[in-house]
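Reader: I would like a close look at one part of this protein, namely the open sheet and what surrounds it. Please set out how its strands are arranged and what lies against them.

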Amino acid sequence: ELPVVYEDSHFGIVNKPAGIICYAQRDVSRGVMTIRHALPFVMKPPKRGTSDIYLRPLGVHRLDKPTSGLLVVAKTKPAMQNLSKQFEERKVKKTYAAIVNGVPTEPSETSITTKEAKKLGVDVDENDSHDWQLIDCDLDEKSAVTVWRPLNSTNSIKANNETLTLVEMKPKTGRYHQLRRHMALVQDC
């Protein structure tokens, strides 16, 4: 199942389930179990007269295989160009939620205010009075910045410290497995 959240003749938004890849690698022939191959079956074709349409809808960005969430899909070349530019210029704001195993550490030296997070260029609510944790740690020799905060926790007898923690994360950059790698740095395991 690939629920369509929004759709018009130029683009759409689908709710990608976890466990499915967005695109198959070019050198792998078994790429039929991908979001890309499912899109023509769940999205409507553009209205007659729409110019510069793609033969099949294309994802504007990707989400990792284990990640579920909203995926923006272009149906026309102009939509792809415009949406790609918005992602490139970081006009698209991203928020992620994750359940981490254990209790992440929150050192006071990495704590920042909402105002400081906003200055960094991270999309946070200016009226929010809660502090954030800053992770500014290069990944693969490239700058990688994430702000995060715990939202809730619950007991779990099989979890580290018998606790699972729900965290909200807002990446400023988009490095390979950035959020997983950053959260691994702060988990109290």
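Author: The answer below begins with the whole chain, goes on to the sheet and the largest pocket, and ends with one lysine.

This is a predicted model, in which local features need pLDDT of at least 70 and side-chain atom pairs count only at pLDDT 80 or more, while totals for chains, interfaces and linings use all residues. Residues are numbered from 1 along each chain as its sequence is written, and side-chain values use heavy atoms, with hydrogens and water left out.

The protein has 4 helices and 11 strands, where helices (H or I, at least four residues) and strands (E, at least two) are DSSP runs numbered from the N terminus. Its C-alpha trace spans about 55 × 40 × 30 Å along the principal axes, and 34% of the 189 residues count as buried, that is, under 20% relative accessible area with a 1.4 Å probe and protein chains only.

The open sheet consists of 5 strands in the order β5-β10-β9-β8-β7, with antiparallel pairing; two strands pair if DSSP finds at least two bridges between them. Because β5 (96-101) and β7 (111-112) each have a single partner strand, they stand at the edges, and one side of each is left without a neighbour in the sheet. At one of these edges, β7 pairs with β8 (residues 132-136) in the antiparallel sense over 2 bridges, and S111 has Q133 in β8 as its bridge partner. Helix α4 (residues 178-186) packs on the sheet, touching β5, β8, β9 (145-155) and β10 (163-171), and its direction makes about 65° with that of β9; contact here means heavy atoms within 4.5 Å, and the axes are lines fitted to C-alpha atoms, for helices over the stretch in contact, with angles from 0 to 180 degrees between N-to-C directions.

The largest pocket is lined by 42 residues, of which L63, K94, Y96, P171 and L179 lie nearest its centre. The elements giving two or more residues to this lining are β4, α2 (77-88), β5, β10 and α4.

Strand β4 (residues 69-76) also holds K75, which counts as buried because its relative accessibility is 3%. The side chain of K75 makes a polar contact with that of E7 at 2.6 Å. Leaving aside residues up to four places away in sequence, K75 touches several others, including D8, F11, M43, D52 and Y54.

Note on methods
Buried < 20%, exposed > 50% of the residue type's maximum accessible area, 1.4 Å probe, protein only. Polar contact = N/O pair within 3.5 Å; in protein donor to acceptor, adjacent residues only side chain to side chain. 1 Å grid on protein atoms, 1.4 Å probe; cavity = no way out; pocket = protein on both sides within 12 Å on 5 of 7 lines; lining within 4 Å.
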